[in-house]
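Trainee: I am new to this structure and would love a close look at a single part of it. Could you pick one helix and walk me through it, along with what surrounds it?

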Amino acid sequence: MGPDFSPKMSVKSLTPQQIVRIHQLFRQAKFDDPSGDILSPAGEYNLRLGIIKELHPDMVATFSGSAQVFEGHPFIVEAGVSVGGKDVKQGLNVFRFANRIPLLFEQGADVVTRTAMKRINWNSYKINQTQDKIGVFVSIVSTKIPFKGTGKEYIGDDISEIASAVKTAIQQCCNQLKSKIVKRIHAREQQERKRNLSKYIPSATAAIYDLLKQTTIVHASKKRRFRDDNADLLKQVSVNSLTKDTFREKLAQHVEKVDYEMGLEYATQTGVNEEPREDIYIESLDEDKKNFIDLQSPIFVFRLYH
């Protein structure tokens, strides 16, 4: 402010140059972002409970973001996305809330509707935007809701901080749903594969048994020599200790085994890829001081006595 300025000066004694300088300094000053502790969001639990109660969806995912700031005002965005449900029309069904109050009118111009319609690639999350029954719930709480229009029925799409937070919250919900949808698709494909394999068991059994029967006749007439294990198999077929029912049962057991192993392998790979992994630290064992080993990770300590 210069040497002519004193904090004890009265406002009336300030010169126009000093007033302009104060205004410039206020624009350059960096203030800490306000805390979101003063806000009262609905919470993921209540949001999920309300969605399940009203829509009865097949799947639902919720997300609550951290406090952010626009124009010096803190705000929190919560979102929920559901798929399926009772009395839900196909396509996107958007439900908007501002400070936990539902917004019922001017839906087309709202930031939530525009984000869900134009900025989310639903196909990348295995969700069909036109055919699936999709429920999009977004709640915005803030000390200042940037309503547009005199009716205060929608939130404008011109505030980048809010638009970005809404998009992130919806995407987080979609990521949760994608993992569930992929698992469901894999389970359906696995059932279809097992059904197809089981359908061909009778035909495969008859073909194998007939081939072995003909080989047995050739082996008996031409005295052809086979390996011991093959000769033993042909002998069991010739004396009818191995029948079509036996082969059918063995093939069915093999299909069950393959189906189980593939499912187990998929579950193992999915768990490794999706579940967070924590480091475990093993302390060195000093026999003179203690008779146990500590296995330590950031979330637990397991002590092994010996």
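Mentor: Happy to! Let's take helix H4, which has 40 residues and spans 57 Å from its first C-alpha to its last, close to the 58 Å expected at 1.5 Å a residue. Please keep in mind that this is a predicted model. H4 covers residues 160-199, and the chain as a whole holds seven helices and 11 strands.

Which residues of H4 are buried? Going along the helix, they are Ile162, Ala163, Ala165, Val166, Ala169, Ile170, Cys173, Cys174, Leu177, Ile181, His186 and Gln190. For background, 28% of the chain's 306 residues count as buried.

Let's stop at one of them, Ala165, which sits in helix H4. Ala165 counts as buried because its relative accessibility is 7%, and the cut-off for buried is under 20%. What does Ala165 touch, once residues up to four places away in sequence are set aside? The answer is Gln68, Phe75 and Val77. Of these, Phe75 and Val77 fall within strand E3, which runs over 73-83. Another residue to find from here is Ala79: its C-alpha lies 10.0 Å from that of Ala165, although the two are 86 residues apart along the chain.

Now move one residue on, to Val166, which is also on the buried list of H4. Val166 is in contact with Val112, a residue of helix H3 (residues 111-119). Val112 is buried too, because its relative accessibility is 2%. Leaving aside neighbours within four places in sequence, Val112 also contacts Val94, Arg96 and Val138. Val94 and Arg96 belong to strand E4 (91-98). The C-alpha atoms of Val112 and Gly156 are separated by 9.1 Å, with their positions 44 residues apart along the chain. Links across the sequence show up in the chain's totals as well: among contacts with a separation of 6 or more, 65% are between residues 24 or more positions apart.

Further along H4 we come to the largest pocket, which holds about 170 Å³ of space. Where does the largest share of its lining come from? Helix H4 provides that share, with four residues. In the lining you will find Ile181, Arg184, Ile185 and Arg188, together with Asp58, Met59, Val83, Gly84, Lys126, Asp132 and Lys133. By type, the lining has four nonpolar residues, one polar residue and six charged ones. Ile181 is worth a second look, as this lining residue is also among the buried residues of H4.

Two loops round off the tour. The loop between helix H2 (44-55) and strand E1 (59-64) contains His56, whose phi is near 50°, a positive value in a residue other than glycine. Is His56 buried, partly exposed or exposed? His56 is partly exposed, because its relative accessible area is 47%. Asp87 lies in the loop between strands E3 and E4, and its phi, near 55°, is again positive in a residue other than glycine. Asp87 counts as exposed because its relative accessibility is 74%.

To step back to the whole chain, its accessible surface comes to about 20,800 Å², and carbon and sulfur atoms account for 53% of that.

Conventions:
Residues are numbered from 1 along each chain as its sequence is written. This is a predicted model: local features need pLDDT of at least 70, side-chain atom pairs count only at pLDDT 80 or more; totals for chains, interfaces and linings use all residues. Side-chain values use heavy atoms; hydrogens and water are left out. On a 1 Å grid over the protein atoms alone, a cavity is a set of points where a 1.4 Å probe fits but cannot get out, and a pocket is an open set with protein on both sides within 12 Å along at least five of seven lines; lining residues have an atom within 4 Å of a point. Grid points are joined across faces, edges and corners, and a volume is the space filled by probe spheres set on the points. Ala, Val, Leu, Ile, Met, Phe, Trp, Tyr, Cys and Pro count as nonpolar, Asp, Glu, Lys and Arg as charged, and the others, Gly among them, as polar. Buried means under 20% relative accessible area, exposed over 50%, partly exposed in between (1.4 Å probe, protein chains only). Contact means heavy atoms within 4.5 Å. Accessible areas come from the Shrake-Rupley method with a 1.4 Å probe; for residues, only the protein chains shown count as cover. The expected span of a helix is 1.5 Å times one less than its number of residues.
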